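Work through the exercises below on enclosed space in a protein. Keep the sequence and the 3D view open while you do so.

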Amino acid sequence: MTVREVEHDITIDAPAAEVYRLIADVENWPRIFPPTVHVDHVEKGEREERIRIWATANGEAKNWTSRRTLDPEALRITFRQEVPAAPVAQMGGTWVIEALDARRCRVRLLHDYRAVDDDPDKLAWIDRAVDRNSRSELDALKANVELATGSAELTLSFEDSVTINGSAKDVYDFINEAQHWKQRLPHVAQVDLREDTPGLQILRMDTLTKDGSSHTTESVRVCFPHHRIAYKQTTLPALMKLHTGYWHLVEDADGVTTATSQHTVILNAGNIPAILGADADVRDAREFIRNALGTNSRATLGYAREYAEKARP
């Protein structure tokens, strides 16, 4: 049995306790760590918890459940996957945050893992995934912590909601069945949907904005019938560094559904002049993104409402 043990580390210009708190709060991981699409709690205690993670590895979407032990005094978090996704046979590790002084710390990310059947090719695949994701996670953690105070104006979150006289299931079906969006949504020019694992989708599409321009995006979507679809874009328009969001559906006792589209975006400030013009600033970019994403989301919700209300008995 071949168990690989590896370590990655990075120095961050932030207090150790602040970095620990950021890692401990898994609900924000999709905004912090590039591979992570969605995380939720299965069980949550004071020191012990079970979490479900959906993430990409070497371009493939994977999901697993992990147990974590939190030690805020020692600034350590240990984790172990319960049922790893193939080709991983076992996977675990530890986050270790070490204070260098009052304002800097060293973060060590330890992993131990084994491949299914101890296959050397599978082990090499895991080596690449762990190395790529660990470096990406630590770089993103460093950037997120160090730029937190200065990047507030580059981050925006917003949502749009509609009331639908139809079932949440029918609304969910419309949003879930994105392979039909080219025929159903005028702002979608091309679409490709893959769902090798039920409820875990890779959606690639060409979307038209209100000014007639087109951009290609790719997203990983995590689907929870019939109330929620969370997603993270892995191929982004030039004006964004990050885009996550979700569709959330709530049906009341009368069969009326409130459908909400939520977006969180981090702007790519360096691309604002090239995209919006030399005189454009962050405020212009925020307004542009809010209008572009909001217009398309409201259009999708409008067509979903028409679909669901027609389907109502």
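By class, 18 nonpolar, seven polar and three charged residues line the largest cavity (nonpolar: Ala, Val, Leu, Ile, Met, Phe, Trp, Tyr, Cys and Pro; charged: Asp, Glu, Lys and Arg; polar: the others, Gly among them). The model is predicted, with local features needing pLDDT of at least 70 and side-chain atom pairs pLDDT 80 or more, while totals for chains, interfaces and linings use all residues. Residues are numbered from 1 along each chain as its sequence is written, and side-chain values use heavy atoms, without hydrogens and water.

**Exercise 1.** Describe the largest cavity (grid points, 1 Å apart over the protein atoms alone, where a 1.4 Å probe fits but cannot get out; lining residues have an atom within 4 Å of a point).

Step 1. Its volume, the space filled by probe spheres set on points joined across faces, edges and corners, is about 510 Å³.
Step 2. Of its 28 lining residues, Trp64, Gln81, His111, Asn133 and Glu137 are the closest to the centre.
Step 3. Helix H3 supplies the largest share of this lining, seven residues (helices are DSSP runs of H or I, at least four residues, and strands of E, at least two, numbered from the N terminus).

**Exercise 2.** Describe the second largest cavity.

Step 1. The volume of the second largest cavity is about 340 Å³.
Step 2. Among its 24 lining residues, those closest to the centre are Met205, Tyr231, Gln233, His243 and His263.
Step 3. H7 (282–311) and strands E10 (200–208), E11 (214–224), E12 (228–235) and E13 (240–251) each give two or more residues to this lining; H7 gives the most, five.
Step 4. The lining of the second largest cavity divides into eleven nonpolar, twelve polar and one charged.

How values were computed. On a 1 Å grid over the protein atoms alone, a cavity is a set of points where a 1.4 Å probe fits but cannot get out, and a pocket is an open set with protein on both sides within 12 Å along at least five of seven lines; lining residues have an atom within 4 Å of a point.
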